[in-house]
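Colleague: I would like a close look at one part of this model. Please walk me through how the helices pack there, and then place that part in the whole chain.

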Amino acid sequence: MADDSSSSHRRDPIKSPVGNVAAQRRRQQAVMVGKERRESLVRAKRLCRVGVSDDGDDLVENDMMIDEEQAVLEAQTSSVVEELKSAVAYQGKGAMQKRVNALRDLRRLLSRSELPPVEAALKAGAISVLVQCLSFGSPDEQLLEAAWCLTNIAAGKPEETLALLPAIPLLVAHLGEKSSLPVAEQCAWALGNVAGESEDLRNILLPQGALLPLARMMFPNKGSTVRTAAWALSNLIKGPDSKAATELIKIDGVLDAIVRHLRKADEELATEVAWVVVYMSALSNIAISILVKSGLVQLLVERLTASSSLQLLIPVLRSLGNLVAGDVQTTYAVLVPGNEVTDNVIAALIKCLKSEHRVLKKEAAWVLSNIAANSIEHKKLIYSSDAVPLLLRLLSSAPFDIRKEVAYAIGNICVAPMEGPGKPKLILEHLVSLVDRGCLTGFIDLVRSADIEAARLGLQFLELVLRGMPNGQGPKLVEREDGIEAMEKFQFHENEDLRNMANGLVDMYFGEDYGLDE
């Protein structure tokens with residue numbers, strides 16, 4: 001059976017030429033995007049400060065512990081956990097209300113502080129008593145408060161999230177259709193925090209059956225529930241194994257729900273659904289095929305064109321980039337040169353290249369690099385578009401991370417698709433034009449950088465110039481831009497691949513006979 005994972009057609013980027021690396025490199029990096037999400041958008045784990053229910057309870061009070069010293073807060077937390085234990089053990093009149101009151105007190109303590117007293121709650125034995133409060137037959141108010149407490153414990157440090165393991169079976173069970181929506185949503189939130197922590201915890205959640213009920217929670221049009229379920233799913237399927245992403249897209253109703261929400265939902269909900277698409281398209285070739293056939297690309301382009309929300313545009317761009325980073329057949333299905341959808345994609349990417357947001361420029365350059373890594377027709381499509389002047393400007397003046405993405409796009413425009421091992425064939429018209437327009441300086445700057453990937457990319461482009469420029473102009477152009485000096489710094493470099501590449505170019509094109517014909 002063929003491996004569904006995108007890694008099945010991925011080559012080691014260290015050994016790949018410019019013409020074959022961009023799409024495969026970025027598909028691999030897409031798996032790592034969870035770290036970026038945690039650092040930049042604080043998406044991987046979330047503290048629940050405002051409740052999911054609409055019961056009118058003032059779920060966050062202004063006079064709680066926000067200004068208390070941490071030691072006092074921790075002492076109160078330990079005391080409240082003891083009160084909760086007593087309330088759970090109590091069987092007399094008003095027992096249920098005692099439990100709910102104690103749970104609410106604990107939840108408020110775990111919700112208000114910038115440094116929630118999770119460690120104190122765990123030391124006091126909160127997990128075991130909270131698991132008791134999740135037992136079937138308990139009133140919704142009790143279930144909701146217990147799940148909320150667990151949600152905020154799971155939003156803590158890795159070891160604190162790990163403490164939720166005894167609660168996972170009941171949290172999953174309460175996702176079912178027999179649970180009220182507020183309870184199911186709060187349990188989904190808690191499980192999303194667990195899934196966002198690590199691959200090991202995702203591998204515990206998946207066999208316990210969390211995927212199917214979370215997927216079904218995306219089916220209704222209730223915004224809050226769908227947002228939470230989609231966010232939890234994006235954490236649950238983010239790999240690096242592709243199995244969960246493939247299973248998710250195969251669940252009846254999931255594709256229809258994704259398409260419906262991306263077409264009609266508000267931007268906040270569309271953002272969460274778009275992140276689900278990011279991970280499915282990053283990890284699963286089967287998902288890519290299904291998503292492409294659904295007409296999803298047009299919806300992504302419409303969102304890209306109409307929205308100004310950075311939070312939405314990032315996952316939309318990444319989804320689009322993943323969909324065009326598949327094999328040539330998939331890319332042709334997505335982007336047919338001359339087709340209106342294709343023209344709209346390029347126009348939307350140009351809009352992002354012009355944006356003031358550096359992250360949009362970087363993402364748009366990445367998508368263009370994926371498109372340019374495909375057929376001759378796709379390379380010509382970008383070369384003849386208004387994207388090229390923007391790319392050239394960014395290569396010379398943008399921050400380093402953007403310049404590196406832009407360099408992949410420009411490099412791929414200049415080489416034909418790879419048909420086997422060896423050096424890539426040149427698209428001479430593109431190479432000559434782009435070099436004449438000043439791109440060589442930007443690539444030599446990459447050669448000088450301390451970034452190994454960027455330096456390799458710069459050297460690969462220098463090889464194209466040295467080998468391909470007509471009338472032997474390549475060496476003179478490289479010398480004029482101080483490219484020889486840039487390459488000579490690798491003479492004793494610790495990276496063998498770069499050392500051999502740079503020394504080989506210097507020896508071949510700037511050896512003892514260089515300049516004698518002058």
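Modeller: What follows starts with one helix, moves to its neighbours, and ends with the whole chain. Keep in mind that this is a predicted model.

Start with helix H26, residues 428-436. Which of its residues are buried? They are His 430, Leu 431, Ser 433, Leu 434 and Val 435. An α-helix has 3.6 residues a turn, so residues three or four places apart point the same way. The buried residues of H26 pack against several helices: H23, H24 (387-397), H25 (400-413), H27 (439-448), H28 and H29. After H26 comes Gly 438, with a positive phi near 100 degrees.

Take the H23 partner in detail. Two packed helices are described by the angle between their axes and the distance between the axes. Helix H23 covers residues 376-383. H23 and H26 pack at about 25 degrees, and their axes are 11 Å apart. An angle under 35 degrees counts as roughly parallel, so H23 and H26 fall in that class. Their crossing is left-handed. H23 brings Lys 379, Lys 380 and Tyr 383 to the contact, and H26 brings Glu 429, His 430 and Ser 433. By class, that makes one nonpolar, two polar and three charged residues. Two of the H26 residues in this contact, His 430 and Ser 433, are also on the buried list.

Now go to H28, another of the helices that the buried residues of H26 pack against. H28 spans residues 452-468, and helix H31 spans residues 496-509. The H28 and H31 axes lie 10 Å apart, at an angle of about 20 degrees. This pair is therefore roughly parallel too. The crossing of H28 and H31 is left-handed. On the H28 side, the contact uses Ile 452, Ala 455, Arg 456, Leu 459, Gln 460, Glu 463, Leu 466 and Arg 467. On the H31 side, it uses Asp 497, Leu 498, Met 501, Ala 502, Leu 505 and Tyr 509. Sorted by class, the contact has nine nonpolar, one polar and four charged residues.

Leu 466 of H28 leads on to H29. Helix H29 runs over residues 473-480 and holds Val 478. Why does Val 478 count as buried? Its relative accessibility is 0%, and the cut-off for buried is under 20%. Val 478 and Leu 466 are 12 residues apart along the chain, with their C-alpha atoms separated by 7.5 Å. Leaving out residues up to four places away in sequence, Val 478 touches Leu 440, Ile 444, Leu 462, Val 465, Leu 466, Gly 483, Ile 484, Met 487 and Phe 510.

A loop gives another buried position. Leu 164 sits between helix H8 (158-162) and helix H9 (168-173). Leu 164 has a relative accessible area of 0%, so it is buried. Its C-alpha is 7.2 Å from that of Leu 150, 14 residues apart in sequence. Beyond four places in sequence, Leu 164 touches Ile 127, Leu 150, Ile 153, Ala 154, Leu 171 and Val 194.

Now the whole chain. The protein chain has 31 helices and zero strands. Of its 518 residues, 56% are buried. Among contacts with a separation of 6 or more, 74% join residues 24 or more positions apart.

Last, the cysteines. The count of disulfides is zero. Cys 187 is buried, at 0% relative accessible area. Cys 352 is buried as well, at 1%.

Notes
Residues are numbered from 1 along each chain as its sequence is written. This is a predicted model: local features need pLDDT of at least 70, side-chain atom pairs count only at pLDDT 80 or more; totals for chains, interfaces and linings use all residues. Side-chain values use heavy atoms; hydrogens and water are left out. Axes are lines fitted to C-alpha atoms, for helices over the stretch in contact, and angles run from 0 to 180 degrees between N-to-C directions. Helices (H or I, at least four residues) and strands (E, at least two) are DSSP runs, numbered from the N terminus. Angles under 35 degrees count as roughly parallel, over 145 as roughly antiparallel, 65 to 115 as roughly perpendicular and the rest as oblique. A crossing is left-handed if the near helix is turned anticlockwise from the far one by less than a right angle, and right-handed if clockwise. Contact means heavy atoms within 4.5 Å. Ala, Val, Leu, Ile, Met, Phe, Trp, Tyr, Cys and Pro count as nonpolar, Asp, Glu, Lys and Arg as charged, and the others, Gly among them, as polar. A disulfide is a pair of cysteine sulfur atoms within 2.5 Å. Buried means under 20% relative accessible area, exposed over 50%, partly exposed in between (1.4 Å probe, protein chains only).
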